[in-house]
Amino acid sequence: MKLALLLFVVLVSNFLPSSLAAPSSSGDGYAITGRVKVEGMTSKGFGASSKLLNAKIILNGGQNVTFVRADGYFTFHNVPAGTHLIEVAALGYFFSPVRVDISARFPGKIQAALTENRKALHELILEPLREEQYYEIREPFSIMSFLKSPMGLMMGFMLLVIFVMPKLVENMDPEEIRRAQEEMRTNFLPRSS
Amino acid sequence: MAIRACLGLMILLVFSSTISTALFEDQVGLADWHQKYIGKVKHAIFHTQKTGRKRVVVSTEENVVASLDLRTGDIFWRHVLGKIDRIDQVDITLGKYVVTLSSGGSILRAWNLPDGQMIWESILQVSAPSKSLLHVPANMNVGKDNLILVFGGSSIHALSSTDGQIVWRKELSTNSLEIQQVFQPHDSDIIYALGFIGSSEFVAYYVNYKTGEVLQQSKASFKSGFCGEASLASDDVVVALDASRTYLVSISFRNGVINFQQIYIRDLIPEFSGKATLLPSKYNGILAVDIASSIVLLRVKGVNELEIIEKINYPSAISDALPLSKEQQAFAILQHDESRIHFKVKFDTDLTNEVLKETIQMDGQRGNIEKVFINNYMRTDRTHGFRVLVVMEDHSLLLVQQGEIVWSREDGLASIVDSTTSELPVEKEGVSVAEVEHSLFEWLKGHFLKLKGTLMLASPDEVAAIQAIRLKSFEKNKMTRDHNGFRKLIIVLTRAGKVLALHTGDGRVVWSVLLPVLRKSETCGNPFALNVYQWQVPHHHAMHENPSVLVVGRCGHNFDAPGIFSIVDAYNGKVHNSLVLEHSVRHIMPLPLTDSTEQNLHIVIDDNLHAHLYPKTSDSVKIFLDEMPNIYWYSVEVGKNIIKGYSLEIKGELDMAENVFQPKELWSIVFPSESETIALTATRKMNEIVHTQAKIVADQDVMYKYISTNILFVATVAPKASGEIGSATPEEAWLYAYLIDTVSGRILHRVSHQGAQGPIHAVVSENWVVYHYFNLRAHRHEMSVIEIYDQSREDNKDVWKLVLGKHNLTAPISSYSKPEVTVKSQSYFFTHSVKSLAVTVTAKGITSKQLLIGTIGDQVLALDKRFLDPRRSVNPTQSEKEEGIIPLTDSLPIVPQSYVTHALQVEGLRGIVTTPAKLESTTLVFSYGVDLFFTRIAPSRTYDSLTEDFSYALLLLTIVALVAALLVTWALSEKKELREKWR
């Protein structure tokens, strides 16, 4: 049932050459290019691409939002050096946020790691993350599930009392019953001493 | 013993099955509804030439780009861009890509027209975000490498429309150049770019389309300056407005020679006064000028000759020109006349006659027409037919064709400002239940169908029938109050100043009203909708009256602008009363007091911190004066980093007509501005009900919650780290969380989180606060909980003290006293960024709570409060486990089944509102953004009512079986007895 879901985040340090050579006044940042990849068909039979149609890539909690192209690639431009957070919002999948470090000392050096499991993304394949199932699966009718339901339990309990309890009493030794009754009687009698 | 064990087992089994509150797929739409919107349309491009699906591509003020079905108005696809990524322009290129220019002309994206897939994205180097123009040549043959030109700031970019590569880039001028008009004469490779440098210099560039080479450039300055608007009149004349907006300046630039010609508008239009605006339009030789009272169409005959063609009185709107052929253009004029709209289409070749003239009836609550987009189609007799897409003042979108409104979209709902709820009317006597339930037979039949469904015996047809029965359930859409309190009206206020009532059953609009006081007028040029409050909620005294809501607005965005009040009937949307106040509105405090007609008392604090009491009746003043010593309020001055607490006092004689009270400052807390800035404040909901103060913990111990309605949660962050994530290092970031008592100004608790920064979201409820922030050290989001307990009641646990009456349970609780409090807190990692945070509320506060987290993916996640319990530990003891304490984990679990929004998204999520139903177990959840979503959730399952899928038929079957068994066993025992007797 669980299908392999792969997310490749390929961080290519292909900066805009012009911006790197002579940082212009508007954007003296770097570009982060990555790739989101969902492999295989989903359980509902949709193609992978249609699932990713509405996938959004979010930088730093909403500072920048971009979308994936048909081949799964996305790019953030003009990102300053520092540590950033990239989140993927795609309905039906659970993506771990990615921590991205852009080095200020070595322009162009980018490191990335998943924040959920602290796995470093080096050449850059993410472990399959899970597919989200938003609905409960309706169990097919079975006699066990009926018995487990409150009503079934109540009925079972009633049947137990009706049929088994008399048996319990029957199976007891008559001697024992008499003794128990005697004991009860003596217990209830007021002690006179 | 056996019985007890059995019972225990049973209870355990029953309860173990009630932890999750997930939904089955076939339950979608039973209790929830979802509505998709796009917002107020800014641009619209039709795509109707080809056979197949006709569509219109729109961009909106909510930063949405969407493709709509022209026949029905349904959304084919839609993308919501980032918050700061405003769309400047939208167009279609190559007949298959939608191109959007956004972020001040710096991002150009292409989307596939059929399915909305992003094809390419290009970043343009723009010196400063400025007015930008997108030019997509229309006359190019498809298949050639078409270039898209973007004019922004002082540069031109040419991009290939197939892959978004920049083909050439030209820097025109380093000064503040603003290109106003771009055009390309037919079948020519030369682009004309006209604009202004600064405010007084006009410039014309002739640019080669293929290479970007500037062929010719001419400049001239005009001494009285331009206001920055220009309209192209013909191939060599442009008309601009001067800086005072009273002169038209016609500029001819033939062959690089620039000539200015001033024309005083009053000479043309004698009744003109005030300021004129040029309407952006591209007509051949025609100019549309908006003077305050009407739109005037002018024909440009020569450089210095203008002629009035037509004057269209307000309110009216005019569309851009639609080229029909090389020589002919058509444009639409829409004009209001009471509730009707006259729709005219004219050709620019023949301005005196109309090609088309229609009259449309219009709902009066949509206001004036704001924008018109025209499109044509071929009639069967080969003549041109026209349709228009109309954007109204309330942000709704209509398609008008053949004198009819073909479809309309209530897109004002994409910009909800505030919301409240109202009860529906009580069911009148005489309406019998039988009518609702049709007949008993039908009812039973339905339930038998359901039984078949649960037993998995139903055929596909029957399954469909079951689903239909459940979805169209008449019960949930009735216009009357129900027992469980599920049916209510959600009253929302939109940014356009429209108030709409939505039915919780199916989300339909019950009534809507565009408030007249929130519309642009001469007294109030820039009205601004703020909040909506419950004004009158009759239950005892004024039963015959309808409940009403108070809508608050402001004239303009400044705090000192006069306030606007409007009181609207919650049942039918009638405006009872509306007024522009003499004072400003800074805060509004609904008081828990009502006057004799059950109108809620409200205190309005104005910009001078004076308090005004509403309603302004002597009755309310009397009630208020009794309570005045108990009223405290506070103000948070974010910029100054000060929180101040006040009470109210009367200076001198109280003017009964005015009801103005002066503030008396009681305390103030000043945060050191070099190390802290206020990032967020949060308080408890006023109407929240707490069931019990005591919390029974393991070992029969009791803890007393510190429950005070005066708790204020304040979060401050380091000034350096007040920006977005990624702007600060862990060393220079910190976050302080404060709990402040707003009556005494006492800081109850303060906690610091080193290396943490915003954005912060918080929710306060009962005796706890949960807040969400970003931990820079771990580089993960974190959620913390603070619970606060009353220590002074700790001694009451002693039974002997209770018996001997030495307890202090009956001692009055005073906000002045300084209770000893203890605080417990804990932090956990949370995966996602958060957009909104809320908590469930129930009628009596008995049901356990769930947090509702609006995630960055625009979903709403329900998370049990038990996961945010500071008493969680790695290895809970047996008794703690019995109490329900979950073993501590470092991060909060995200269970996909507990998404309230299941497989839907509330695009552009901004707020989550919870309202209690009458049924204790249930909370109504309304979340809004660009989309709306409503559902009801039961945090501990619906323990107080049978669920919707409870099978009555099964119950009946069981009873019948039991009776049968009874009869059989009875007969058997009779027989046996008889046999015994014979023996």
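Chain A and its meeting points with chain B

Read along its sequence, chain A runs β-α-β-α-β-β-β-β-β-β-β-α-α-α. The model is a predicted one. In total, chain A holds five helices and nine strands. Of its 193 residues, 37% are buried. Taking the contacts in chain A between residues at least 6 apart in sequence, 54% join residues at least 24 apart. The area that chain A exposes is about 11400 Å², and carbon and sulfur atoms supply 60% of that area.

One point of contact between the chains is P896(B). This proline sits in chain B, in the loop between α8 (878–883) and β62 (911–916). Leaving aside residues up to four places away in sequence, P896(B) touches R130(A), E132(A), Q133(A) and Y134(A). Is P896(B) buried or exposed? Its relative accessibility is 12%, so P896(B) counts as buried, the cut-off for buried being under 20%. Within chain B, V834(B) lies 62 residues from P896(B) along the chain, and the C-alpha atoms of the two are separated by 16 Å.

Residues of both chains also appear together in a patch of positive charge on the surface, where K167(A) gathers with K975(B), K976(B) and R979(B). Which helix gives the most to this positive patch? That is helix α9 of chain B, residues 952–982, with three residues. On the side of chain A, K167(A) is placed in helix α4, which covers residues 150–171.

Notes: Residues are numbered from 1 along each chain as its sequence is written. Chains are lettered from A and ligands numbered from 1 in the order in which they are written. This is a predicted model: local features need pLDDT of at least 70, side-chain atom pairs count only at pLDDT 80 or more; totals for chains, interfaces and linings use all residues. Side-chain values use heavy atoms; hydrogens and water are left out. Helices (H or I, at least four residues) and strands (E, at least two) are DSSP runs, numbered from the N terminus. Buried means under 20% relative accessible area, exposed over 50%, partly exposed in between (1.4 Å probe, protein chains only). Contact means heavy atoms within 4.5 Å. Patches are made of residues with over 30% relative accessible area and no salt bridge: like charges are joined within 9 Å, nonpolar side chains (Val, Leu, Ile, Met, Phe, Trp, Tyr) within 5 Å. Accessible areas come from the Shrake-Rupley method with a 1.4 Å probe; for residues, only the protein chains shown count as cover. A salt bridge is a side-chain nitrogen of Lys or Arg within 4 Å of a carboxyl oxygen of Asp or Glu. Lys and Arg count as positive and Asp and Glu as negative; His and the chain ends are not counted. The place of a charge is taken as NZ of Lys, CZ of Arg, CG of Asp or CD of Glu.
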